[in-house]
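Here are a few notes to read alongside the model, for anyone opening it for the first time. Keep the viewer open as you go.

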Amino acid sequence: MTPFKISFELNGAPVTAVADPRGRLSSMLRDDLGQTGTKVGCDAGDCGACTVLIDGEPCCACLVPAAQAQGTKITTVEGLNENGVLSRLQESFLHAGAAQCGICTPGMLIAAAALLARNAQPSRGEVAGALGGVLCRCTGYRKIVDAVVRAPGFNGSRVLAPAGAGVGASIRRLDGGPKAAGTEVFGADVMPQDAVTVRVVRSPHPHAAFSFGDLDGFAASHPGILAVFTAADIAGRNCFGVIPPYADQPVFADKTARYRGEAVAAIAGEADAMKALDLDRFPVAWDVLPPVLTPAEAQAEGAPRLHPGRAGNILIRGHVARGDLGAGFAQAAHIAEGRFTTPFIEHAYIEPEAGFARRVGERIEIHTPTQAPYMDREAMADIMALDVAQVRIVPLACGGGFGSKLDISLQPYIAMAAWHLKRPAALTYSRRESMQSTTKRHPSEITAKIGCDGTGRITAFEIDGVFNTGAYASWGPTVANRVPVHASGPYFTPNYAARSVAVHTNGPPAGAFRGFGVPQAAIAQECLYDVLAIMAGIDRLEFRLRNALTDGQATVTGQVMAKGVGITACLEALKPAWDRALGEAEAFNQNSKAAGLRRGVGIASCWYGCGNTSLPNPSTIRIGVTPHGRVVLHQGAVDIGQGANTAIAQIAADALGVPVHGLDLLGADTDLTPDGGKTSASRQTYVSGSAAKLSGEALRHKILRHANVSSAAKIVFKPGLLELVEGAATTAIDLSRLECDEFGYVFRGEETYDPPTKPLDEDGQGIPYAVYGYGAQIMVLSVDMALGTVKLERLVTAHDVGRAINPVLIEGQIEGGSAQGIGMALMENYIPGRTENLHDYLIPTFGDVPAVENIIIEVPDGEGPYGAKGLGEHVLIPTAPAILNAIHDATGAWIRDLPATPDKIHAAIKARKP
Amino acid sequence: MYERPTTLDAALSLLAEDRWTVLAGGTDFYPALGERAPTAPVLDLSALESLRGIRREEGCWRIGALTTWSDAIAADLPPAFHALKQAAREVGSVQIQNRATVAGNICNASPAADGVPPLLVLDAAVEAASSRGRRQIPLADFILGNRVTALRPDEIVTGITVPAASAQGRSNFVKLGSRRYLVISIAMVAARIETGADNKVSCAQVSVGACSEVALRLPELEKTLIGKHLDETLAQAVEPAHFDRLSPLDDVRASAAYRREAAAELARRAIAGCLA
């Protein structure tokens with residue numbers, strides 16, 4: 001329809017937009033006015049990312065007709081800074097660590113600004129109430145509340161770290177400024193001039209054969225549509241996969257779609273024509289086939305086989321065995337058994353996949369958020385029949401990843417369109433498209449049996465895990481391998497057998513999600529530990545301490561760590577909080593006024609190996625000194641919000657001996673940064689951090705040797721100059737007189753680190769990881785006995801990080817990861833065709849996370865940089881079992897089928913044995 | 001096509017001429033679009049300022065069709081409206097409450113509409129207008145089914161009226177969901193109780209939402225409550241049989257059996273909440 005002229009005041013200045021009056025205000029702001037600080041996460045009012053103020057009142061801009069802006073005053077995040085300087089509120093966000101990936105930050109800031117305008121001293125509860133309509137998947141919300149409560153009195157202080165004191169300092173994230181200002185560039189925030197828009201046609205059925213009608217006729221009859229792409233248009237291999245031997249996923253399904261949401265075609269055209277296009281009219285005919293939706297159906301006799309060569313639809317099996325299981329159970333005084341099930345879980349980052357590609361001569365550049373730029377580069381070269389040197393991956397700011405943005409998603413569609421049309425091509429997934437088509441956490445069916453002797457020492461442990469890996473392999477092999485290695489938990493388990501199997505179904509591909517199957521297995525192990533402790537009459541924390549792995553003891557893979565096993569330290573640190581919580585719960589439950597509410601306390605532990613399992617997993621970091629005296633850190637370890645840009649820089653700065661704020665950060669970009677590996681497996685602080693340390697040290701050594709000064713010399717960079725200070729003596733190096741290398745540097749350190757692991761033998765014995773991290777968490781909650789609802793009261797965490805590179809970032813990981821554990825325990829359940837949006841698929845809100853107390857434990861690792869261990873995935877693992885154990889403690893009811901929704905808890909309470 | 005009339009007459013004459021998708025707050029319109037661009041003609045009522053606000057009129061209270069949930073929260077209303085205000089705070093988020101209208105919630109006719117149970121216990125009626133005239137439809141007759149109302153294509157809702165005689169006593173609302181904010185109800189109950197001089201219940205109204213295609217009043221329970229003392233024991237009068245008329249669904253949010261039991265527990269709490 002004819003666009004309207006819509007005039008209003010935007011951030012204090014009059015503007016007039018020409019837009020569809022029925023269009024969304026969010027689209028007008030972003031597409032027509034170029035104000036991309038306002039983010040779009042769901043287009044349904046479910047996430048609040050697009051919150052703006054209309055005449056001072058917060059609203060979801062995705063739900064407001066553009067025409068209703070007429071005559072109003074609208075404030076977006078771009079209007080919050082004061083004369084180009086971040087406001088006190090924005091500064092407070094940075095100081096508190098309230099922005100991780102940053103995609104929800106504009107909406108949070110706007111909602112907070114509206115609150116503070118009315119109420120200069122809000123309580124924590126008032127903040128939660130006012131911001132409750134904005135979802136965050138990274139932070140667990142606590143630091144956002146901190147930031148808002150402290151904003152009115154915030155004095156602008158910031159932590160600085162002088163040379164040599166970078167490691168251990170809670171400096172603000174180095175890439176935080178643009179996140180708080182709303183200027184960060186996420187996948188959907190760039191639309192190059194002349195770009196075409198791409199949309200993807202997807203299967204509405206979990207299993208269907210299909211054929212196309214007249215595609216040329218379709219394109220010809222739709223003005224503005226320039227091209228349609230299908231499997232027939234793939235120049236290279238119509239196949240990708242993160243683990244090359246198992247690669248099986250087509251860019252476009254060929255004749256048969258294996259899951260609901262699978263791509264069958266892509267359409268490229270002019271932006272307006274694409275916006276108006278009704279994909280339901282695309283000429284494709286579906287022949288619906290019976291799907292197999294569960295591992296049992298998929299393994300049944302006569303079940304259709306999803307992939308040739310995978311009999312019984314089995315992708316892979318995993319296995320670890322140690323000791324003599326039969327003898328172990330024979331020694332057991334107590335044996336606990338159980339079956340546990342978990343559903344598909346969606347990553348639910350607030351940023352749906354988005355980005356653009358452009359062809360530059362005979363090269364293709366792909367600008368999208370990603371967790372794995374170098375893997376993307378190889379996959380795209382393969383798909384497009386190009387040399388890897390012809391592919392450049394430029395990661396944009398990633399609005400949350402959590403494992404799913406390790407796999408490629410939209411990259412082939414934009415790259416093909418840009419390559420063939422010789423115009424930039426952009427694509428933004430809808431929320432539904434993102435949820436339907438990208439990877440999920442594996443649903444699991446786990447049976448476990450654990451025995452302990454009369455003193456509570458574990459004698460035998462047997463576990464079988466069936467994992468629904470969906471239609472394609474993705475990270476299914478990793479889940480199958482990691483689970484048997486980790487399922488014992490961080491406990492000495494002399495007799496052990498763990499088996500896993502990943503089974504294909506017509507579900508969405510299950511891939512990587514924070515913990516690769518270990519969180520599912522930990523639920524079985526930690527809940528059965530509670531059963532055993534109760535049977536043995538031993539305090540549940542004490543039971544865990546008795547079995548806690550120690551230095552010098554063999555793990556279930558036979559690995560013996562000489563130092564760094566920190567689980568005992570974590571459990572001991574929790575002891576005071578545990579005793580207090582148990583006492584308080586008992587008192588609470590004896591109080592008759594609390595009738596109807598029962599308080600419970602739960603505990604669970606975790607361990608997790610950092611990096612690939614027994615496979616090479618190198619990272620390379622480059623640090624260069626320019627002739628102008630700048631130090632440039634080529635930081636290719638992608639920061640998806642967790643803080644690699646900051647933590648790696650802190651390590652590099654200390655290794656080189658310069659202040660961290662003096663470094664210039666570059667990357668990630670496959671043309672500019674060496675391979676920092678993928679952001680997964682909690683490996684960046686440890687592996688890329690080790691490479692950064694080696695590179696910093698190598699660079700320092702070169703400089704010192706050049707100047708012929710001792711290793712005690714201080715390095716001071718000045719414009720064009722480098723000074724080496726040793727006591728009273730200063731040696732100056734005129735950098736402009738030195739020769740530059742091929743990167744333009746006068747000095748350069750570039751080192752690679754690869755974890756020293758050893759292959760696992762046929763019983764899974766070996767050294768799967770060089771470094772593990774450990775942790776334990778206590779959850780205090782109350783259960784409404786009549787309704788089965790759970791209120792989380794308090795979470796106390798103790799995580800052993802070896803060395804805390806940046807404590808505030810660590811707390812952010814713990815609080816955010818445990819919030820995902822809360823969601824897993826209590827509400828999250830992805831059902832294709834049913835919960836493909838953020839109001840049917842529930843993730844925790846401000847009101848669903850408890851107060852958190854974090855105890856950071858530092859048991860130095862012998863291998864990690866400055867003793868550091870990984871943390872990112874560990875933090876999610878103990879939360880769900882701690883909740884289930886606390887629910888049992890409160891009610892006497894076990895929930896073993898997740899999520900523990902009120903109806904299930906209610907039914908379990910009713911079914912308790914008297 | 002898009003029109004945003006500034007007078008009711010102009011809106012009604014547009015409706016008389018063409019078929020329109022009517023929009024006020026937009027909070028149901030846009031989610032329903034999904035990934036499609038809007039193509040239907042839109043009649044945007046948001047400029048009909050005279051329809052905004054809650055007013056006491058001769059014999060009734062009138063909630064104008066453009067009254068937002070935030071307006072309802074801020075309005076000075078008698079205790080009988082307490083349930084409506086409680087529900088208002090549970091509709092979506094502050095962002096939604098600032099735009100979404102009470103009338104729109106009724107017109108959208110979701111089985112889980114938070115606004116319906118509190119209005120049912122107020123004997124609310126819907127006022128519909130067209131160029132042919134106006135009519136009043138009791139709320140219970142207005143919502144015919146899941147997303148189906150008695151509104152005719154040329155009509156719009158201009159307001160919701162509550163008889164002054166029903167705006168008496170105290171009301172309370174209890175919502176049950178799987179998380180704290182931004183949540184669709186598993187079940188919800190509104191109750192309104194009037195008492196006589198002896199503190200005996202003279203009028204009781206209880207309604208349940210999200211447990212049947214259309215939210216329902218519970219006359220059997222209401223009858224049981226009449227004549228009993230309004231005190232801590234009143235909620236004990238709630239019995240499972242009072243909920244026989246519900247037809248809850250088994251779905252991803254909860255099982256049917258749970259909904260039925262939860263409704264009874266919520267009713268006890270809603271009734272107890274009327275003590276004050």
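The points below go from domains to the chain contact, then to a helix pair and a single residue.

1. A word of caution before anything else: this is a predicted model. Please read everything below with that in mind.

2. Start with the layout of chain A. The domain assignment splits chain A into domain 1 (1–160), domain 2 (190–291 + 351–400 + 404–437), domain 3 (444–612 + 762–910) and domain 4 (619–753). Note that domain 2 is written as three stretches and domain 3 as two, so colouring by these ranges may help you follow the rest.

3. Next, look at domain 1 and domain 4 of chain A. Their C-alpha centres are 37 Å apart. The two do touch, with 5 residues coming from domain 1 of chain A and 4 residues from domain 4 of chain A. On the domain 1 side, that contact has 3 nonpolar and 2 polar residues, with no charged ones.

4. How many residues does each chain give to the contact between chain A and chain B? Chain A puts in 48 residues and chain B puts in 38 residues. On the chain A side, β4 (57–60), α8 (271–276) and α22 (902–910) each bring at least two residues. Sorted by class, that side of chain A holds 22 nonpolar, 14 polar and 12 charged residues.

5. Now a helix pair in chain A. Helix α2 (residues 88–96) packs on helix α5 (residues 142–150) at an angle of about 140°, and their axes are 8 Å apart. Because of that angle, α2(A) counts as oblique to α5(A); the cut-off for roughly antiparallel is over 145 degrees. The crossing of α2(A) with α5(A) is right-handed.

6. Who makes that helix contact? From α2(A) come A:Ser92, A:Phe93 and A:Ala96, while α5(A) offers A:Lys143, A:Asp146, A:Ala147 and A:Arg150. By class, the residues in this contact are 3 nonpolar, 1 polar and 3 charged.

7. Last, have a look at A:Asn313, in the loop that runs between α9 (295–299) and β12 (314–322) of chain A. Is A:Asn313 buried or exposed? A:Asn313 is buried, because 22 other C-beta atoms lie within 10 Å, and the cut-off for buried is 20 or more. Leaving out residues up to four places away in sequence, A:Asn313 touches A:Val292, A:Ala298, A:Gln299, A:Ala303, A:Arg305, A:Leu306, A:Val503 and A:His504. For a sense of scale, A:Thr428 is 115 residues from A:Asn313 in sequence and 33 Å from A:Asn313 in space, C-alpha to C-alpha.

How values were computed:
Residues are numbered from 1 along each chain as its sequence is written. Chains are lettered from A and ligands numbered from 1 in the order in which they are written. This is a predicted model: local features need pLDDT of at least 70, side-chain atom pairs count only at pLDDT 80 or more; totals for chains, interfaces and linings use all residues. Axes are lines fitted to C-alpha atoms, for helices over the stretch in contact, and angles run from 0 to 180 degrees between N-to-C directions. Helices (H or I, at least four residues) and strands (E, at least two) are DSSP runs, numbered from the N terminus. Angles under 35 degrees count as roughly parallel, over 145 as roughly antiparallel, 65 to 115 as roughly perpendicular and the rest as oblique. A crossing is left-handed if the near helix is turned anticlockwise from the far one by less than a right angle, and right-handed if clockwise. Two residues are in contact if their C-beta atoms, placed from the backbone, lie within 7 Å. Ala, Val, Leu, Ile, Met, Phe, Trp, Tyr, Cys and Pro count as nonpolar, Asp, Glu, Lys and Arg as charged, and the others, Gly among them, as polar. A residue is buried if 20 or more other C-beta atoms lie within 10 Å of its own, exposed if 12 or fewer, and partly exposed in between; C-beta atoms are placed from the backbone.
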